[in-house]
Amino acid sequence: MNTKFDEYLDFPCKFPFKVLGLTDDTLADRVVAVLQQHAPGDYIPSVKPSSKGTYISVSVTTVVTSKEHIELLYTELAAIDGVRGVL
């Protein structure tokens with residue numbers, strides 16, 4: 001993947017992720033579990049349901065250390081069961 005994160009960011013830095021997935025009471029916990037595995041810290045995710053309630057978004061900010069770290073987190077978060085996208 002050819003991204004320009006390293007040109008625009010000074011690492012380490014805080015980086016926001018928004019995970020979109022099917023409505024599931026455990027999605028936020030699973031997102032935090034993935035972040036803890038790759039970027040340990042104290043996380044308080046923000047969960048917001050879609051207007052019809054079919055989907056939820058889980059927003060969380062973490063500290064990343066490199067472009068590769070960001071790409072790893074995108075990949076790992078996208079692999080969570082029920083996730084439809086990561087922004």
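# A tour from helix 2 outward

Start with helix 2: its buried residues pack against strand 1, strand 2, strand 3, helix 3 and strand 4. Keep in mind that this is a predicted model.

**Stop 1: helix 2.** Select residues 27-38. Show the side chains of Leu27, Ala28, Val31, Val32, Val34 and Leu35, which are buried. Now look down the helix axis. The buried residues of helix 2 fall within an arc of 160°, so they line one face of the helix. The general rule behind this is that an α-helix has 3.6 residues a turn, so residues three or four places apart point the same way. Then turn to the face directed away from the buried side. Asp29 and Gln37 are there, both exposed.

Check the length while you are here. At 1.5 Å a residue, the 12 residues of helix 2 should span 16 Å. The C-alpha atoms at its ends lie 17 Å apart, which agrees.

**Stop 2: the sheet.** Select the four strands. They form an open sheet, antiparallel in its pairing, in the order 2-3-1-4. Which strands are at the edges? Strand 2 (46-49) and strand 4 (83-86), each of which pairs on one side only. From one strand to the next, the twist averages 25°. Bring helix 2 back into view: it packs on this sheet and touches strand 1 (13-22), strand 2, strand 3 and strand 4. The direction of helix 2 makes about 20° with that of strand 3.

**Stop 3: the hairpin of strand 2 and strand 3.** Select residues 46-49 together with residues 55-64. Strand 2 and strand 3 pair in the antiparallel sense over four bridges. Follow the pairing by residue. Ser46 has Ser59 as its bridge partner in strand 3. Lys48 stands opposite Ser57 in strand 3. Five residues lie between the two strands of the hairpin. Pick Gly53 in this hairpin: its phi is positive, near 80°. As background, most residues other than glycine have a negative phi.

**Stop 4: helix 3.** Select residues 67-78. Helix 3 lies across strand 1, strand 3 and strand 4. Its run makes about 15° with strand 1.

**Stop 5: Ala39.** Move to the loop between helix 2 and strand 2, where Ala39 is found. Is Ala39 buried or exposed? Its relative accessible area is 5%, under the 20% cut-off, so Ala39 counts as buried. Leaving aside neighbours within four places in sequence, Ala39 is in contact with Thr62, Val63 and His69. Draw a C-alpha to C-alpha distance from Ala39 to Val63. They are 7.0 Å apart in space and 24 residues apart in sequence.

**Stop 6: the salt bridge.** How many salt bridges does the structure hold? It holds one. Select Asp24 and Arg30, which form a salt bridge; their closest N and O atoms are 3.0 Å apart. In general, side chains of opposite charge can pair when their charged atoms come close. Turn on a surface next. Asp24 counts as partly exposed, at 30% relative accessibility. Arg30 is partly exposed too, with a relative accessible area of 25%.

**Stop 7: the cis peptide.** Finish at Phe11 and Pro12. A cis peptide bond joins them, with omega about -10°. For context, most peptide bonds are trans. Pro12 has its place in the loop between helix 1 (5-8) and strand 1.

Definitions and conventions. Residues numbered from 1 in each chain as written. Predicted model: local features only at pLDDT ≥ 70, side-chain atom pairs only at ≥ 80, totals over all residues. Heavy atoms only, no water. Pairing = 2+ DSSP bridges. Axes fitted to C-alpha atoms, helices over the stretch in contact; angles between N-to-C directions. Contact = heavy atoms within 4.5 Å. Expected span 1.5 Å × (residues − 1). Buried < 20%, exposed > 50% of the residue type's maximum accessible area, 1.4 Å probe, protein only. Arc of directions from axis to C-beta. Salt bridge = Lys/Arg side-chain N within 4 Å of Asp/Glu carboxyl O.
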